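Me: I would like to go through the labels used for this model and see what each one rests on. Please set the values against the cut-offs.

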Amino acid sequence: MRIAYTVMGYGRGHAMRTAAVLPALEQRHTVRVFAGRDAHEVLATEHDSVEIPVIGYQYGANGRICPRRTLTRNAPVVADLLAAGPRTRAVWQQMADFAPDVVISDSETYGHRFARHHDIPRIGFDHVGIMAYCHCRFAAGDRLAGLRDGLGYRMFMGDPDRVLVSSFYPAAPRRDSVQVVGPILRDPVRQARPSTGDYLLVYLNKGDHQYTAALDTALRACGERTLVYGTSRRGDSSNLCFKAPSQQGFIDDLAGARAVISTAGNQLLSEAIHLGKPVLALPEDAVEQRLNAQAVVDMGVGQSAALHRLSLTVLGDFLEHCPAYAAATAAHRADGLADAIQSLNTSIARLARGRIQQPGRIARLTGAY
């Protein structure tokens, strides 16, 4: 089959999940990736990847997500998307030229809308869909906001034929066409040999905005050697070492860290727990990240704290309890890669049965724009 695999380009977690499943899919199918900026940068070196526009958060001077800037920056893109404007039609033409039998989307809306427009079977495969398709235990005060975000997700993504949700914590599906699998771990993570080193690892998915003065002060004051990923800074400064992006280097550092301090993306939290690392989750101003951070607390593998108000007291308390948190990870380590690949291949076969491309269909697709 010909598979268009579309990937949200905000942050790197979507790309890491995609990179884990692509090799198995590419063995059986012809796959082309359509990915937003951050994901395209990661995937293009080893896979057939086309860059597409991305919708993402914008930040204010205080490092927090700025609703006004986010709305202003994304409004033209969203308007073009909703109206099937010139930019959207250009993306759809790239997809039409590939003429897929099935579309798989990781939180990416152009692919979903293209597939719906052309009556092509589609599979939603991500973590954010947990709010739209599963029963969730939201953090205090987030239930209404979670229902709102789940509804917003479904409005943008539509209603796929199959939904696959990857999560490091359990959630009950709302319907039979939804399946929940464990974390999707890359081969280098699965092959890593964890140890307990003498340093902390900090990862921020948008570090130039999120690495605040309060965080810097707490990290320096704690005196622990600390490796920081996600900012544009480089080199040593006191007890801190700011490092450049490196997939294998990051995994090696993650495997050897004493503990992890990070924004609360599902992918990194999954990898940290798999490697037995206690986690101090610093969620962004987003319901999904607070949901993930609450799961860290509920599972007993770490703590949650405010990204923009982290204090030495909170950090010190986390470090004091790290041995207990690390021990608790043993009960929650999981690897859902094999289940996900099996589910994807089964869904692809069922959805695409009887839809092998005919010459007329190819002409209809490629001539649509």
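**Labels and their grounds**

Reply: Leu81 counts as buried, with a relative accessibility of 1%. The model is predicted.

Me: What makes 1% enough for Leu81 to count as buried?

Reply: Buried means under 20% relative accessible area. Leu81 has 1%, so the label buried applies. Leu81 sits in helix α3 (residues 67-82). Leaving aside residues up to four places away in sequence, Leu81 touches Ile55, Thr88, Thr109, Tyr110, Arg113 and Phe156.

Me: How do you know that Leu81 touches these residues?

Reply: A contact is counted when heavy atoms lie within 4.5 Å, and Leu81 has such contacts with residues including Tyr110 and Phe156. As for Arg353, its C-alpha is 30 Å from that of Leu81, and the two are 272 residues apart in sequence.

Me: Why is α4 called roughly perpendicular to α5?

Reply: Helix α4 (residues 86-98) packs against helix α5 (residues 109-117) at about 70°, with the axes 10 Å apart. Angles of 65 to 115 degrees count as roughly perpendicular, so the term fits α4 and α5. On the α4 side the contact involves Arg87, Thr88, Val91, Trp92, Met95 and Ala96; on the α5 side, Tyr110, Gly111, Arg113, Phe114 and His117.

Me: Why are α5 and α7 called oblique?

Reply: Their packing angle is about 55°, and their axes are 8 Å apart. Under 35 degrees would count as roughly parallel and 65 to 115 as roughly perpendicular; about 55° falls in neither range, so α5 and α7 are oblique to each other. Thr109, His112 and Arg113 of α5 meet Met155, Phe156 and Met157 of α7.

Me: What makes Leu151 exposed?

Reply: Leu151 has a relative accessible area of 54%. Exposed means over 50%, so Leu151 qualifies. Leu151 lies in helix α7 and, with Met155 and Phe156, makes a nonpolar surface patch of about 310 Å².

Me: How do you know that Asp106 and Arg17 meet in a salt bridge?

Reply: Their side chains come to 2.8 Å, N to O. The limit is 4 Å, so the pair counts as a salt bridge. Asp106 is in strand β4 (residues 102-106) and Arg17 in helix α1 (residues 13-28), so the bridge ties together parts 89 residues apart in sequence. Both Asp106 and Arg17 are buried. By the same rule the count is 15 salt bridges.

Me: What makes the pair Asp159 and Arg175 a salt bridge?

Reply: The N to O distance is 2.8 Å, which is within the 4 Å limit. Asp159 lies in the loop between α7 (143-157) and β7 (162-166), and Arg175 in the loop between β8 (172-173) and β9 (178-181), so the pair ties together parts 16 residues apart in sequence.

Me: Why are Asp159 and Arg175 called partly exposed?

Reply: Asp159 has 40% relative accessibility and Arg175 has 26%. Partly exposed lies between under 20% and over 50%, so the label fits Asp159 and Arg175. Salt bridges with shared partners join Arg154, Asp159 and Arg175 into one network.

Me: Why is Arg190 called partly exposed, and what is its link to Asp335?

Reply: Arg190 is at 37% relative accessibility, neither under 20% nor over 50%, so Arg190 counts as partly exposed. Arg190 forms a salt bridge with Asp335, the closest N and O atoms being 2.6 Å apart. Asp335 is partly exposed as well, at 33%.

Conventions. Residues numbered from 1 in each chain as written. Predicted model: local features only at pLDDT ≥ 70, side-chain atom pairs only at ≥ 80, totals over all residues. Heavy atoms only, no water. Helix = DSSP H or I, 4+ residues; strand = E, 2+ residues; numbered from the N terminus. Buried < 20%, exposed > 50% of the residue type's maximum accessible area, 1.4 Å probe, protein only. Patch = residues over 30% accessible without salt bridge, like charges linked within 9 Å, V, L, I, M, F, W, Y side chains within 5 Å. Areas by Shrake-Rupley, 256 points an atom, 1.4 Å probe, with all protein chains shown as cover. Axes fitted to C-alpha atoms, helices over the stretch in contact; angles between N-to-C directions. Parallel < 35°, antiparallel > 145°, perpendicular 65-115°, else oblique.
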